[in-house]
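Trainee: Please take me through this structure, one question at a time. I should like each term to be defined where it comes up.

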Amino acid sequence: MSDSTVRGVVNVIEETKTYGQKGFRKRLVVLEQDKGSFSNYIPVEFTRDNCDTVDELNMGDEIEVAYRLNGRKWQRDPQSEVKYFVSVEAMSFKVIGGSGGGEGVDAANDAFSEIDDEAPF
């Protein structure tokens with residue numbers, strides 16, 4: 001299966017957060033797409049070493065992100081409700097234009113191989 005891409009303008013860049021005993025790192029970037037009568041906001045997760053590549057982004061940059069969808073089943077204990085989560089994991093990105101206008105960055109990773117089972121993401 002090939003990776004999909006999404007384009008948008010960088011609207012939010014969060015700081016890197018660390019989770020679990022293994023130190024899993026995640027950084028959220030929200031892309032805004034102008035759909036005419038409304039705006040569409042797409043949260044994209046950069047994980048592990050890809051968190052550092054986000055430092056090259058600026059608010060207002062138009063970027064194209066290659067991503068993969070990840071789904072996860074989570075249940076606190078056998079008696080609790082099962083919940084399902086989906087995330088958009090950035091594999092690489094390139095700056096198309098905007099305030100920062102830099103060269104593209106390509107940063108593939110396999111971050112979800114070591115997720116702490118207690119984390120619901």
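Mentor: We begin with two terms: pLDDT is the predictor's confidence in each residue, from 0 to 100, and a contact means heavy atoms within 4.5 Å. This is a predicted model, in which local features need pLDDT of at least 70 and side-chain atom pairs count only at pLDDT 80 or more, while totals for chains, interfaces and linings use all residues. Residues are numbered from 1 along each chain as its sequence is written, and side-chain values use heavy atoms, with hydrogens and water left out.

Trainee: Over which residues does pLDDT stay under 50?

Mentor: The chain averages a pLDDT of 85, and 79% of the residues score at least 70. One stretch stays under 50, although the model has 51 contacts beyond four places in sequence for it: residues 100-116.

Trainee: What pattern does the chain follow along the sequence?

Mentor: Helices (H or I, at least four residues) and strands (E, at least two) are DSSP runs, numbered from the N terminus. The chain has 1 helix and 6 strands. Read along the sequence, they give the pattern β-β-β-β-α-β-β.

Trainee: What percentage of the residues in the chain is buried?

Mentor: A residue is buried under 20% relative accessible area, exposed over 50% and partly exposed in between, with a 1.4 Å probe and protein chains only. Of the 121 residues in the chain, the buried share is 36%.

Trainee: Which strand gives the most residues to the largest nonpolar core?

Mentor: A nonpolar core is a set of buried Ala, Val, Leu, Ile, Met, Phe, Trp, Tyr and Cys residues joined through side-chain atoms within 4.5 Å. The largest one has 16 residues, and those with the most contacts inside it include Val-29, Val-44, Phe-46 and Leu-57. Two or more residues come from each of β1 (4-13), β3 (24-34), β4, β5 (62-74) and β6. With 4 residues, the largest contribution is that of β6.

Trainee: Which residues does Val-29 touch, not counting those up to four places away in sequence?

Mentor: Val-29 is among the residues with the most contacts inside the largest core. Beyond four places in sequence, the residues that Val-29 touches are Val-10, Val-12, Ile-42, Pro-43, Val-44, Phe-46, Val-54 and Leu-57.

Trainee: How many residues apart in sequence are the parts tied together by Phe-46 and Phe-93?

Mentor: Rings of Phe, Tyr and Trp (its six-membered ring) pair if their centres lie within 6.5 Å; planes under 30 degrees apart count as stacked, over 60 as edge-to-face and the rest as tilted. The count by this rule is 1 aromatic pair. Phe-46 and Phe-93 form this edge-to-face pair, at 5.8 Å centre to centre and 85° between the planes. Because Phe-46 lies in strand β4 (residues 39-47) and Phe-93 in strand β6 (residues 83-97), the parts tied together are apart in sequence by 47 residues.

Trainee: What is the relative accessible area of Phe-93?

Mentor: Both rings of the pair belong to buried residues, Phe-46 having a relative accessible area of 1%. For Phe-93 the value is 4%.

Trainee: How many residues apart are the salt-bridge partners Glu-62 and Arg-7?

Mentor: A salt bridge is a side-chain nitrogen of Lys or Arg within 4 Å of a carboxyl oxygen of Asp or Glu, and the structure holds 7 of them. In one, the closest N and O atoms of Glu-62 and Arg-7 are 3.9 Å apart. Glu-62 belongs to strand β5 and Arg-7 to strand β1, so this pair links distant parts of the chain at a separation of 55 residues.

Trainee: Is Glu-89 buried or exposed?

Mentor: The side chains of Glu-89 and Arg-68 meet in a salt bridge of 2.8 Å, N to O. Glu-89 is in strand β6 and Arg-68 in strand β5, 21 residues apart. Arg-68 is partly exposed, at 26%. Glu-89, at 0% relative accessibility, is buried.

Trainee: With which side chain does the side chain of Lys-26 make a polar contact?

Mentor: A polar contact is a pair of N or O atoms within 3.5 Å; within protein, one must be able to donate a hydrogen and the other to accept it, and residues adjacent in sequence count only if both atoms are side-chain atoms. Lys-26 is found in strand β3 and is buried at 12% relative accessibility. At 3.4 Å, its partner is the side chain of Glu-45.
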